[in-house]
Amino acid sequence: MVQPPAMDFAEYQALVQLYAEYAFAVDSGDWSLWPEFFVDACSYRLVPRENHERGFPLATLSFESKGMLRDRVYGIRETLFHDPYYQRHVVGAPRVTSVDGGRIACEANYAVFRTKLDGPSTVFNVGRYLDVVVATETGLKFASRTVVFDSEMIPNSIIYPI
């Protein structure tokens, strides 16, 4: 068995809480919460598993700053037209892969269920988060989040953050 990197219980609990609060925020529909989980010079990428494993740079969505995340929030609220739906994240416990100078590299599996107003809940997207988390004055934040989804096909378009 591989020995996990050294973190004390309080640090790991703060990381678990970051993941839980993130899932709550993106499931709540209050999109203004989403960018606040990231540092200003952040990266958020949504990538098919095949591209990630082959090292291809193409991403389904790619945002390179908190300002770009805020632009996406504006788009969700003001410009994107779609059938409304609810989403619900189920996120596994984060697996810490390294801790180095205040930077935590970690990953977690996720599943997102989607419920349209006129139908049953369905599995919408499944994959894993590959994250770099940093400590800030206001708590832990994502410096980068790469969302690697397993399916080579996604239904329609991805409107809300995963």
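Which backbone oxygen lies 3.0 Å from a polar atom of the side chain of Gln 87? Keep that in mind as you open the structure, which is a predicted model. The exercises below start from this residue.

**Exercise 1. Describe the surroundings of Gln 87, beginning with its place in the fold.**

Solution.
- Step 1: Find the element. Gln 87 belongs to strand S3, which covers residues 85-91.
- Step 2: Check the accessibility. Its relative accessible area is 3%. Buried means under 20%, so Gln 87 is buried.
- Step 3: Look for polar partners of the side chain. The opening question is settled here: the oxygen is that of Pro 161, at 3.0 Å. The side chain of Gln 87 also reaches the backbone oxygen of Val 26, at 3.2 Å.
- Step 4: List the contacts. Setting aside residues up to four places away in sequence, Gln 87 touches Val 26, Asp 27, Trp 31, Val 112, Phe 113, Arg 114, Tyr 160 and Pro 161. Both residues from Step 3, Val 26 and Pro 161, appear in this list.

**Exercise 2. Follow Phe 113, one of the residues that Gln 87 touches, to the surface patch it helps to form.**

Solution.
- Step 1: Locate Phe 113. Its place is in strand S5, residues 103-116.
- Step 2: Classify it. With a relative accessibility of 31%, Phe 113 counts as partly exposed.
- Step 3: Name the patch. Phe 113 joins Val 90, Val 123 and Val 126 in a nonpolar patch on the surface. Together they have about 310 Å² of accessible area.

**Exercise 3. Work out which parts of the chain build the largest nonpolar core.**

Solution.
- Step 1: Start with the core itself. It has 40 residues, and those with the most contacts inside it are Leu 15, Tyr 22, Trp 34, Phe 38, Tyr 44 and Ile 162.
- Step 2: Assign the contributors. Helices H1 (9-28) and H3 (66-79) each supply at least two residues, as do strands S1 (38-48), S2 (61-63), S5, S6 (121-136) and S7 (139-149).
- Step 3: Pick out the main contributor. H1 provides the largest share, six residues.
- Step 4: Zoom in on Leu 15. Leaving aside neighbours within four places in sequence, its contacts are Pro 94, Val 96, Ile 104, Cys 106, Val 133 and Leu 140.

**Exercise 4. The structure holds eleven salt bridges. For three of them, state the distance and whether each partner is buried or partly exposed.**

Solution. A reminder helps before the steps: side chains of opposite charge can pair when their charged atoms come close.
- Step 1: Take Glu 36 and Lys 66, whose closest N and O atoms are 3.4 Å apart. Glu 36 sits in the loop between H1 and S1 and Lys 66 in helix H3, so the bridge ties together parts that are 30 residues apart in sequence. Glu 36 is partly exposed at 35% relative accessibility, while Lys 66 counts as buried at 9%.
- Step 2: Take Arg 49 and Asp 150, with closest N and O atoms 3.4 Å apart. This pair links helix H2 (residues 49-54), which holds Arg 49, to the segment after S7, which holds Asp 150; the two are 101 residues apart. Arg 49 counts as partly exposed at 39%, and Asp 150 as partly exposed at 36%.
- Step 3: Take Asp 131 and Arg 145, with closest N and O atoms 2.8 Å apart. Asp 131 is in strand S6 and Arg 145 in strand S7, 14 residues apart. Asp 131 is buried, with a relative accessible area of 3%, and Arg 145 is buried too, at 1%.
- Step 4: Look for shared partners. Salt bridges that share partners join Glu 36, Asp 40, Lys 66 and Arg 70 into one network.

**Exercise 5. Set sequence separation beside distance in space for Thr 60 and Val 47, then for Ala 20 and His 52.**

Solution.
- Step 1: Place Thr 60. It is found in the loop between H2 and S2, and it is partly exposed, with a relative accessible area of 36%.
- Step 2: Read off the first pair. Thr 60 and Val 47 are 13 residues apart along the chain, and their C-alpha atoms are separated by 5.7 Å.
- Step 3: Add the contacts of Thr 60. Without neighbours within four places in sequence, they are Leu 46, Pro 48, Phe 149 and Ile 154.
- Step 4: Turn to the second pair. Ala 20 is found in helix H1 and counts as partly exposed at 41% relative accessibility. Ala 20 and His 52 are 32 residues apart in sequence and 25 Å apart in space, C-alpha to C-alpha.

Conventions:
Residues are numbered from 1 along each chain as its sequence is written. This is a predicted model: local features need pLDDT of at least 70, side-chain atom pairs count only at pLDDT 80 or more; totals for chains, interfaces and linings use all residues. Side-chain values use heavy atoms; hydrogens and water are left out. Helices (H or I, at least four residues) and strands (E, at least two) are DSSP runs, numbered from the N terminus. Buried means under 20% relative accessible area, exposed over 50%, partly exposed in between (1.4 Å probe, protein chains only). A polar contact is a pair of N or O atoms within 3.5 Å; within protein, one must be able to donate a hydrogen and the other to accept it, and residues adjacent in sequence count only if both atoms are side-chain atoms. Contact means heavy atoms within 4.5 Å. Patches are made of residues with over 30% relative accessible area and no salt bridge: like charges are joined within 9 Å, nonpolar side chains (Val, Leu, Ile, Met, Phe, Trp, Tyr) within 5 Å. Accessible areas come from the Shrake-Rupley method with a 1.4 Å probe; for residues, only the protein chains shown count as cover. A salt bridge is a side-chain nitrogen of Lys or Arg within 4 Å of a carboxyl oxygen of Asp or Glu. A nonpolar core is a set of buried Ala, Val, Leu, Ile, Met, Phe, Trp, Tyr and Cys residues joined through side-chain atoms within 4.5 Å.
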